[in-house]
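Student: I'd like to go through this one slowly and ask what stands behind each label. Can we start with the picture?

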Amino acid sequence: MPRVHNFSAGPAMLPQEVLQIASEEMLDWQGSGMSVMEMSHRGPEFIGIYERAVADLRSLLAIPENYKVIFLQGGGLGENAIVPMNMLRGKSEIDFVVTGTWSEKSAQEAAKFAKVNIAASAKADGFTHIPAVSSWKQSANAAYLHICQNETIDGVEFQGTPDIGNQILVSDVSSMILSRPMDVSKYGLIFGGAQKNIGPAGLTIVIVREDLLGGALAYTPDVFNYAVQGKADSMYNTPPTYAIYIAGLVFQWLKKRGGLAAMQAHNATKASLLYDALDASDFYKTKVQKAFRSRMNVPFFLPDEKLYVPFLKGADERGLLQLKGHRSVGGLRASIYNAMPLEGVQALVSYLAEFEKSHG
Ligand SMILES: *Cc1c(COP(=O)(O)O)cnc(C)c1O
């Protein structure tokens with residue numbers, strides 16, 4: 001069976017080169033006689049793997065010296081609770097900008113720990129745009145303002161970093177981290193689960209400005225306390241070692257491909273190819289306003305509910321997999337993360353034309 005073009009939103013496809021290396025090193029990692037899965041997280045072999053992964057991530061994202069990189073478990077949804085527990089710092093209110101399903105979920109979870117102020121919401125228009133920053137109603141008492149950089153389900157992306165003055169900006173970058181360069185110094189904290197654009201599920205990455213640490217709520221579990229984990233270099237408990245190893249291989253792959261500027265160009269090419277094809281047709285519909293379209297997740301719709309089954313069947317037959325939209329919004333969705341080659345999007349675009357011709 002040849003490898004398919006996998007458009008899953010996550011867990012998502014990984015670069016074939018990375019899977020190849022992992023398979024070659026599965027039984028014996030570089031002469032150690034062990035699989036990475038069998039190594040002590042405190043042994044020299046794994047510490048080497050860990051340190052290289054952190055250093056490569058720092059260099060890819062140009063992470064400033066005064067930021068901690070923390071590798072945790074718990075996923076994006078876990079962080080929805082862990083971020084407030086750590087970041088309230090004596091305050092009791094948080095600002096949220098709700099631009100889709102994930103930021104809405106974040107706000108709901110945070111309400112268990114703090115007073116939530118919805119500074120802006122695009123829910124009324126079905127999450128098809130991002131409200132202008134000038135319209136956001138920030139609270140003077142908020143500990144920070146939370147955004148979701150890329151709404152994986154709705155297909156809405158902040159193209160840059162909103163300017164919110166002196167307020168601390170926290171961003172859920174789960175589905176866009178490493179897809180393009182970003183200025184980490186403009187954020188107090190960014191977090192993301194690895195399974196969208198980095199590696200296997202089970203690893204969560206937190207990048208946080210050091211001066212914001214130390215003010216966690218008293219009941220914060222130690223394993224989820226950024227100050228504790230930062231001080232212990234993510235080894236207060238056993239970190240997700242194998243997921244960190246795979247993430248490290250992905251970081252090396254990204255560096256070899258020219259880093260994040262090259263990735264940005266690669267992703268822009270793929271996204272324009274797909275959006276142009278959708279725009280050129282009256283058959284396919286997209287909902288998100290052009291200026292806010294995600295370069296990673298492309299939701300689109302067919303003119304008739306009856307067409308989804310034959311569309312997905314034909315796609316499967318052509319090796320174009322996991323194109324079904326999220327159950328909450330329906331329709332179709334193509335996730336085109338870093339690891340999706342241009343040929344995958346080209347094959348999808350050809351199929352779009354073919355399907356329209358036979359069913360339009
Ligand atoms: C997938 C996703 C999450 C949730 O991740 P889990 O690992 O399932 O908890 C949160 N935020 C965003 C933006 C996501 O894409």
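Tutor: Sure, one term before anything else: a polar contact is a pair of N or O atoms within 3.5 Å; within protein, one must be able to donate a hydrogen and the other to accept it, and residues adjacent in sequence count only if both atoms are side-chain atoms. Keep in mind that this is a predicted model, where local features need pLDDT of at least 70, side-chain atom pairs count only at pLDDT 80 or more, and totals for chains, interfaces and linings use all residues. Numbering runs from 1 along each chain as its sequence is written, and side-chain values use heavy atoms, with hydrogens and water left out.

Student: What makes the E93 and S139 side chains a polar contact?

Tutor: The two side chains come to 3.0 Å, and the cut-off is within 3.5 Å, so the pair qualifies.

Student: And why is E93 called buried?

Tutor: Buried means under 20% relative accessible area, exposed over 50%, and partly exposed in between (1.4 Å probe, protein chains only). E93 has 9% relative accessibility, so it counts as buried. E93 belongs to strand 3 (residues 93-98); helices (H or I, at least four residues) and strands (E, at least two) are DSSP runs, numbered from the N terminus.

Student: Which residues does E93 touch?

Tutor: Contact means heavy atoms within 4.5 Å. Leaving out residues up to four places away in sequence, E93 touches L88, K115, N117, S139, N141, A142, A143 and Y144.

Student: How do you know which residues surround the ligand?

Tutor: A residue is near a molecule or strand if one of its heavy atoms lies within 4 Å of it. The residues around the ligand are G75, G76, L77, W102, C148, N150, T152, D172, S174, S175, Q195 and K196. Helix 3 (residues 75-87) gives the largest share of that shell, three residues.

Student: What polar partners do the ligand's oxygen atoms have at L77 and Q195?

Tutor: At L77 a polar backbone atom is 2.8 Å from a ligand oxygen, and at Q195 a polar side-chain atom is 2.8 Å from a ligand oxygen. The protein covers 86% of the 390 Å² of accessible area that the ligand has on its own, with areas from the Shrake-Rupley method with a 1.4 Å probe; for residues, only the protein chains shown count as cover.

Student: What makes strands 2 and 10 a pair?

Tutor: Two strands pair if DSSP finds at least two bridges between them. Strand 2 (residues 67-72) and strand 10 have six, in the antiparallel sense. Strand 9 (residues 189-193) also pairs antiparallel with strand 10, over five bridges. T204 in strand 10 is the bridge partner of L72 and of G193.

Student: How do you know strand 10 is mostly covered?

Tutor: Five of the six residues in strand 10 (residues 204-209) are buried.

Student: What is unusual to look up in the backbone of F127 and S234?

Tutor: Phi of F127 is near 55 degrees and phi of S234 is near 65 degrees, each a positive value in a residue other than glycine. F127 sits in the loop between strand 4 and strand 5, while S234 is in the loop between helix 5 (226-231) and helix 6 (241-256).

Student: Why are F127 and S234 called buried?

Tutor: F127 has 8% relative accessibility, so it counts as buried. S234 has a relative accessible area of 0%, so the buried label applies there too.
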